[in-house]
Amino acid sequence: PKFIYAADVLLFGSDPVAVDAVAHDTVVKERMARGVQQVDAKGRSAFLDLAAGLGLGVADRGKIEIVEPALG
């Protein structure tokens with residue numbers, strides 16, 4: 001089957017690892033909602049922990065602030 005997902009979202013940030021973490025979580029949530037994926041397996045996001053370990057940014061979702069700017 002063909003899956004189409006129009007997120008209508010733009011992610012911006014000064015921390016590339018944090019942006020990747022939020023994007024990863026968004027995609028996993030959508031895949032699970034559609035039944036394409038059953039669980040968020042830790043191994044699939046290991047790249048985020050590796051990048052954070054190298055000091056490239058923050059992967060801990062509890063330390064990431066998400067701000068939705070008012071447009072218009």
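The legends below describe several views of a predicted model of one protein chain.

**View 1. The whole chain, with two helices and zero strands.** The chain has 72 residues, of which 18% count as buried, and its C-alpha trace spans about 40 × 40 × 20 Å along the principal axes. About 5,800 Å² of the chain is exposed, and carbon and sulfur atoms supply 60% of that area. Among the contacts between residues at least 6 apart in sequence, 54% join residues at least 24 apart.

**View 2. The largest nonpolar core, made up of eight residues.** The members of this core are Val 17, Ala 18, Ala 21, Val 22, Leu 48, Ala 51, Ala 59 and Ile 64. Helix α1, which runs over 16-33, and helix α2, which runs over 46-53, each supply at least two of the core residues, and α1 gives the most, with four residues. In soluble globular proteins, nonpolar side chains tend to be buried together.

**View 3. Val 22 and the residues it touches farther along the sequence.** When residues up to four places away in sequence are not counted, Val 22 touches Leu 11, Ile 64 and Ile 66. Of these residues, Ile 64 is also listed with Val 22 as part of the largest nonpolar core.

**View 4. The salt bridge between Arg 61 and Asp 25.** The closest N and O atoms of Arg 61 and Asp 25 are 2.9 Å apart. This pair links distant parts of the chain, since Arg 61 is in the segment after α2 while Asp 25 is in helix α1, 36 residues apart. Arg 61 is partly exposed, with a relative accessible area of 34%, and Asp 25 is partly exposed as well, with a relative accessible area of 27%. Side chains of opposite charge can pair when their charged atoms come close.

**View 5. The salt bridge between Glu 30 and Arg 34.** The count of salt bridges in this model comes to two, and in the one shown here the side chains of Glu 30 and Arg 34 meet at 2.5 Å, N to O. Glu 30 counts as partly exposed because its relative accessible area is 22%, a value that lies between the cut-offs of 20% and 50%. Arg 34 also counts as partly exposed, at 36% relative accessibility.

**View 6. Asp 15, a buried residue that has no salt bridge.** Asp 15 is found in the segment before α1, and the nearest side chain of opposite charge, that of Lys 63, is 11 Å away. A salt bridge needs a nitrogen and an oxygen within 4 Å, so a distance of this kind does not qualify. The side chain of Asp 15 does have polar atoms beside the backbone: one lies 2.9 Å from the backbone nitrogen of Val 17, and the side chain also reaches the backbone nitrogen of Ala 18 at 3.0 Å. Leaving aside residues up to four places away in sequence, Asp 15 touches Leu 56, Gly 57 and Val 58.

**View 7. Ala 7 and Glu 30, shown together.** Ala 7 is found in the segment before α1, and at 33% relative accessibility it counts as partly exposed. Although Ala 7 and Glu 30 are 23 residues apart in sequence, their C-alpha atoms are 9.4 Å apart in space. Glu 30 is the residue whose side chain meets that of Arg 34 in a salt bridge.

Methods:
Residues numbered from 1 in each chain as written. Predicted model: local features only at pLDDT ≥ 70, side-chain atom pairs only at ≥ 80, totals over all residues. Heavy atoms only, no water. Core = buried A, V, L, I, M, F, W, Y, C linked by side-chain atoms within 4.5 Å. Buried < 20%, exposed > 50% of the residue type's maximum accessible area, 1.4 Å probe, protein only. Contact = heavy atoms within 4.5 Å. Lys, Arg positive; Asp, Glu negative; His and termini not counted. Polar contact = N/O pair within 3.5 Å; in protein donor to acceptor, adjacent residues only side chain to side chain. Areas by Shrake-Rupley, 256 points an atom, 1.4 Å probe, with all protein chains shown as cover.
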